[in-house]
Amino acid sequence: MTRAGASAPVPAKRWWTGPSFLIGFALTGVIVAGALLSYVWTPYPPTQMMILNRLKPPSATNWFGTDQFGRDVFSMIMVGARNSLAVGLGAVGFGLVLGTTLGLLAAIRRDGFLDNLIMRTADFTHAFPAVLTAIMITAIAGPGMLNAIVAIGILNLPYFARLARGVAIQVWTRDYIQAARAAGLDNVQISVRHVLPNVAGVIVVQATIQFALAILAEAGLSYLGLGTQPPNPSWGRMLNEAQTFMAVQPWLAIFPGAAIAIAVLGFNLLGDGLRDAIDPRLRRSR
Amino acid sequence: MLSFLARRCVALVATLLGAALVIFVALEVLPGDPAAVTLGLNAAPEALAALRLEMGLDKPAPVRFLAWISGILTGDLGLSYTYRVPVAQLIGERMAVTLPLALAAIILATSIGVPLGLLAAANHNRPTDAAVMIFAQLGLAVPNFWFGLLLVLLFAIGLGWFPAGGFPGWQAGPAAAVKALLLPAFALALPQAAILARVTRSSMLDTLQEDFVRTARAKGLAEPVTVVRHALRNALIPVVTIMGLQFSVLIAGAIIIENVFALPGLGRLVFQSITQHDLIVVKDLVMLFAGLAILVNFAVELVYGLIDPRLREAS
Amino acid sequence: MTTRRDLLAGAGAAALAAQLPLVALAQAKDSVIIAMTLEPPTLDPTSGAAQAIREVTLQNIFEGLVKMDRTGKIVPCLAESWEIAPDNVTYSFKLRRGATFHDGTPFSSEQVRFSFERAVAPESTNAQRQLFTPITEITTPDPGTVVIRLKQPTATFLYGLAWGDAVIVAPASAANNKTNPIGTGPFKFVRWNRGDRLEFERFDGYWGEKPTLAKATFRFIADPQAQVAALRAGDVHAQTNLSAPEAVPQLKADPKLKVSFGKTEGEVILAINNAKAPFNDLRVRQAIAHVLDRKTIALGVYGFDVDLIGSHFSPLHPAYIDLTATYPVDIPKAKALLAAAGFPNGFSCTLKLPPPTYARRSGEIIAALLAQIGINASIEPLEFPQWLERVFRGKDFDLSVIAHTEPLDINIYARDDYYFQYKNPEFKALMAKIDVTLDEGQRNEMYRQAQRILARDAVNGFLFILPKITVTAAGLDGMWTDWPLPITPLAEVRWR
C-alpha cells in the first residue's frame, strides 16, 4: 500500500508546499485548534443539560443544534476533539515506544531467538481482527478511555515493530556499525546511538498514519459503547446516540461523523506529505 | 522447499494453539458468572449451583481447555449458555447473513475499486487520476459506520427505498433479503474500495514501467490492448494479495456494521454473546475469526514463498 | 372472570359476523405478527429468568393453576376454583376437567405435583424457587383435586402461582420445553427461527374459549429504527413495548397505527448502598432525594411524561399512594443537609450503570443533577453480567440505576443481604405481618405504611415507572396495554 512507486520524485519542490501536506496541515490544524480552544472556551459548558431545549436543529444560539439532553452539540464536538487526540496520542505513543524498542531489539540478532519470538508475536497480534481484540480487552478490563488507549496501542505495536526491524536490519549491515563495535560499544548502545536515528524518520511518518487509524478505531469502539465514557463527550458515542434520533433530528448524526472524517483525512494527508519529504532521503540512505 | 513448508506449518499450528490459549485465558479472567446471568436477580443459590453443574463450569480450567480444544477438533463446539442449542447450529444460522454480506462487500469493493484504480493509472497525472485519489482519501477517512448511518439517513429515512435495519430472513424471499443487505454491504465496501483503488493504481503504474509492457508498446500495439492484455494480469497479483490480507479488516468491519444495521450475523452474535456472557459462543467465534485470519495470512505467505524464493530465505 | 372473557369473545364474534360478506378479508385476518424487542433465550419459563420467555409463553403455551388478568387480578385458570382452609395454610384446588397438553397428554393433579416438586428439586434451575419453598406437602386425592399445605400462612402464595415460573408441565415433555415447549395453553408451538421469529398456531383441543387467531408470530426486532420501520410498513401488526420513545410523535401521526401508554411493575430506582459511608447517613440520602428532579429525568429519558414514583410501588396496585412530594426538589435544602452531614463541599462517588437505555440516560442526567450540590458521581457503565456480579452480588457500588420489574416486590427491602443493604427492623416486622395477613384491606393498609417508611428513609432514589408503549395496527384489539405481568396473551387479541 505504498504510494505509487512510479510517482516521480520531486526534489526541486519543497515538500511543505505539496498539496497533501498543506491540506492535511490545515485540517489537523482545525481539529487541534478546536481541541486546544475548548480548554478555555466553548459556546456552552459541554455537559450542561437543558432538557427543555432538547433535540433542537442548528440555529444561531446552538450552531450544531442540541442533543437529547439539551446539550450544545458544537461544544461537545470541540471537547470531543480533545478526547480523540488524547486517545490517538496515547495509543500511538504506546505502540511507537514499545513497538520500536521491540523492533530494534529484534534487529540486533537477525533470525535469533529474540527476533523470532518478537516477530511471531507481532504476526500473531496482527492476525487477530483489530476490533475483536479491542472488544475483548474492554470486556475484560471494562470500557473506558484508558482501556481503549491500551487496546488500540496493542494493535499499533506490530506495525512499528516490523517497520523498525526492517530499517534497523539494513542499518546493522553498514560499515560504521562495525566501527562502533570496534570502539567497544555494546549492542544496546549501538541501537540507541546509531540505529535509532536512522529509524526515526520512517517511524514518524508511520506514526502520523497510525494516528489517523487510532482516531478511527477509537470512534468505532466508542460507537459500540466501549470507548470514552459519559459525561466526557466522544464523537463515536455521539453517533451511537444520534442513531436513535435520526428520524427526528438527523443533524445529530452529521456533525460528529464529519469531525471524525476531517481528523482522519487530515492526519492521513499529513502523513502522505511527510512521506514525500522523507522518501528521497531514505532512498539516498539506502 | 520442503523445510520451508514444514517450518511454516509448525508455525501455523503453534499460532493457532497460542490463539486458542490466549482466548481461553482471556475469557477465564472475564468477571461475571454465566449461570447468574441466566437465572437473574432472585435466583436461589441451589438453582445456580445446579445450572453451573449443567453448564460444566464446575471442572478445573485446564480440563475445560482441553475439552474445548478436542471439541473443536471433533466438530463439537458445545452448547450455548443462553440459547441452549449447539453453537455450531447458531454459527450456521448467523453465517447465512454474514457470509453473503462479506461476499457482497468484496464484490462491490472490487467492482468499484479496481476499475477506478485502472482508470487513474491510465490517466496518470491527469484530473481523473486526481479525482480517484481524492475519492480514495475520502473513502479511507470516512468511518464505515458513519457512512452506513448516512446511507440510512438518505435511502431509508429520507427516500424510504431500503429498510433502516434488521433482516427479514432468507425465507422472506431473496429480494427482501438482498434489499436488507445492500446498504450494509456498501458501507462495508467503501474503505475496501478505496484501498483497492490505490493499490490497483500503483501496481498498474509499476507494471507499465516494466520491460515486457515497453516491448509490447514498441511492437506498436494499441494502448488499450497493451493495458488489458499484458499489464492488467500482472498488475492484479498484488491486488489479489491485498484483498486476502484485508480479510480480517472486513470481519472487524462487519462487527460494527452489523450493529449499525441490526443484522443477525456473526459480528452481532459475538458482541451480544459478550454482553450476555455466553462465553462458549464468544470463545468459539473469536477462535473462528482469528483462525480464519491466521489461515488467510498463512496462505498468502505460502503462495508468496512459492513464487519468490528470496522470501523463503528471508523469513 | 368468565364473564369478562365471554363478553370480549361475544364482541369479537359479532364483529366477525358483521364482516361476513368480506370473507376474503376475514380469512386474511386470523393471523397476527407481533414484534417484541428481546428474543427469549429458551422457551421454558421454569428455568431461566429472562422476561422474554414469559412474555411469549405465559398464557399462550403454558398455563398455571391461576392466572393474572390484565387488571392485575388473580383469576382461575387450570384450577377452576380453590378453597383456603381456616388454618390458612391448606389450599385445595379443584382442577379444570378436559384440559390436555398439546401432545394429547390429559391434564391431571399428578402433573401439578410433578411441576411443583420439580421446581424445588436439587437440580432445578427455577429462577423463582422461593415461590415453592413454603410448600410442605402436596397431595392428590383424585385426578381433579390438589391439596397443598404450606409451612405458614403466605399471603402472596396464590399471586406467585400466576407467574411463569409456576406453570404446569408434563413429566414426558418437561425436559424438552426449552426448545419444544408443550403446555396446556390456547396456542401451540410451531417453529422458531432463532434471531428472527417464533410461530404459534391455535390449539384446537384447548379447554377454554377458542382464540379467534389461527396463527400468531412473534418477531424479534431489537433495533428501535427497525421497529418503527416495520410498524409503518405494516410488516408487523403490533409492538408490545416500543424501545424508541423518540419515534412516538411520528407513530402517533400515522392513521394506520394506534399508540397507547401503559404502566408496568417496573420501578426504576437510583439504588443507594445504604451500608456504605456516606450513604449510611440519612441526611446524605435526603439531600440526594431533594435534587432528584424526576420530571426532568423522565423527560430526558423519554421525551414525554411517564408515571413518577416516590416509593417502591407501582401505581398498578390498589394500595399505591403518591409519595413524590416527600422530598420536593430543593437545592439549598439539599446543600444544607449535605453540610450538616459533614460534606459542605460535597464528595466523589461512582454511579454504576447497567446497559438498558433508561438506566444509561437516567444515570447521565442524575450525575448532572448531583453535581449541583457538589456530589461528583463518575459514571461506570457495566455489562449486565458484570453488574450482577459487582453491584447485585458483590454490593460493591455507591449508586446505580436499575428497574425492579418483578410485581409486588417491596419485600426485597426486608432482606438484610439485598444489594442496597437497607436494614430496618420496623419494616421487616411489617413485611412479616403482611405475609400472614390474609385480609386484603388490612394488607393494603400495611402496604401503604411500608411505602411511607421507604419514602421517609429515602432508601433509594425512587424515580419513575417503566412505561409500556404499545403500538398496534388500527384494527387490532385486545393487546394488553398495562403490564401487571409483562406478558402478551394472544387469546385476547383479535381483529376488529
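This tour moves through a predicted model, from its confidence scores to an interface and then to individual salt bridges.

**Confidence**

Begin with the whole model, which scores ipTM 0.84 and pTM 0.81. Next, colour chain C by pLDDT: the average is 89, and 94% of the residues score at least 70. Select residues 1–27 of chain C, where pLDDT stays under 50. For this stretch the model has 13 contacts beyond four places in sequence. Where pLDDT is low, the predicted coordinates should not be read in detail.

**The interface of chains A and B**

Display chain A and chain B together. The contact involves 42 residues of chain A and 51 residues of chain B. Between them the two chains bury about 3,900 Å², and 77% of that area lies on carbon and sulfur atoms. Polar contacts across this interface come to 3 residue pairs, both residues being at pLDDT 80 or more. On the side of chain A that touches chain B, at least two residues each are supplied by helix H3 (113–127), helix H4 (130–141), helix H7 (187–223), helix H8 (235–244) and helix H9 (251–285) of chain A. Select H9(A) in particular, as this helix gives the largest share of that side, 11 residues.

The rule finds 1 salt bridge across the interface of chain A and chain B. To see this bridge, select B:Arg198 and A:Asp272, whose side chains meet at 3.6 Å, N to O. Are these two residues buried or exposed? B:Arg198 has a relative accessible area of 14% and is therefore buried, the limit being under 20%. A:Asp272 is buried as well, at 2% relative accessibility.

**Salt bridges across the structure**

Widen the selection to every chain: the search of the whole structure finds 30 salt bridges. The pair just visited is one that crosses between chains, running from B:Arg198 in helix H8 (residues 174–209) of chain B to A:Asp272 in helix H9 of chain A.

Now move to chain C and select C:Lys263 with C:Asp307, which form a salt bridge at 3.8 Å, N to O. C:Lys263 sits in the loop between strand E12 (257–262) and strand E13 (267–272) of chain C, and C:Asp307 in the loop between helix H9 (294–302) and helix H10 (331–340) of chain C, so the bridge ties together parts that are 44 residues apart in sequence. C:Lys263 is partly exposed, at 26% relative accessibility. C:Asp307 is also partly exposed, with a relative accessible area of 30%.

Then select C:Asp398 and C:Lys276, a salt bridge in which the closest N and O atoms are 2.6 Å apart. This pair links distant parts of the chain, 122 residues apart: C:Asp398 is in the loop between helix H12 (384–393) and strand E16 (399–404) of chain C, while C:Lys276 is in the loop between E13 and helix H8 (282–291) of chain C. C:Asp398 is buried, with a relative accessible area of 8%, whereas C:Lys276 is partly exposed at 34%.

To follow a network, select A:Asp67, A:Arg71 and C:Glu364, which are joined by salt bridges that share partners.

**Cysteines**

Finish with C:Cys77 and C:Cys349. C:Cys77 is buried at 1% relative accessibility, and C:Cys349 is buried with a relative accessible area of 6%. How many disulfides are there over all chains? The count comes to 0.

Methods:
Residues are numbered from 1 along each chain as its sequence is written. Chains are lettered from A and ligands numbered from 1 in the order in which they are written. Side-chain values use heavy atoms; hydrogens and water are left out. pLDDT is the predictor's confidence in each residue, from 0 to 100. Contact means heavy atoms within 4.5 Å. A disulfide is a pair of cysteine sulfur atoms within 2.5 Å. Buried means under 20% relative accessible area, exposed over 50%, partly exposed in between (1.4 Å probe, protein chains only). Buried area is the accessible area (1.4 Å probe) that two parts lose on being put together, summed over both. A salt bridge is a side-chain nitrogen of Lys or Arg within 4 Å of a carboxyl oxygen of Asp or Glu. A polar contact is a pair of N or O atoms within 3.5 Å; within protein, one must be able to donate a hydrogen and the other to accept it, and residues adjacent in sequence count only if both atoms are side-chain atoms. Helices (H or I, at least four residues) and strands (E, at least two) are DSSP runs, numbered from the N terminus.
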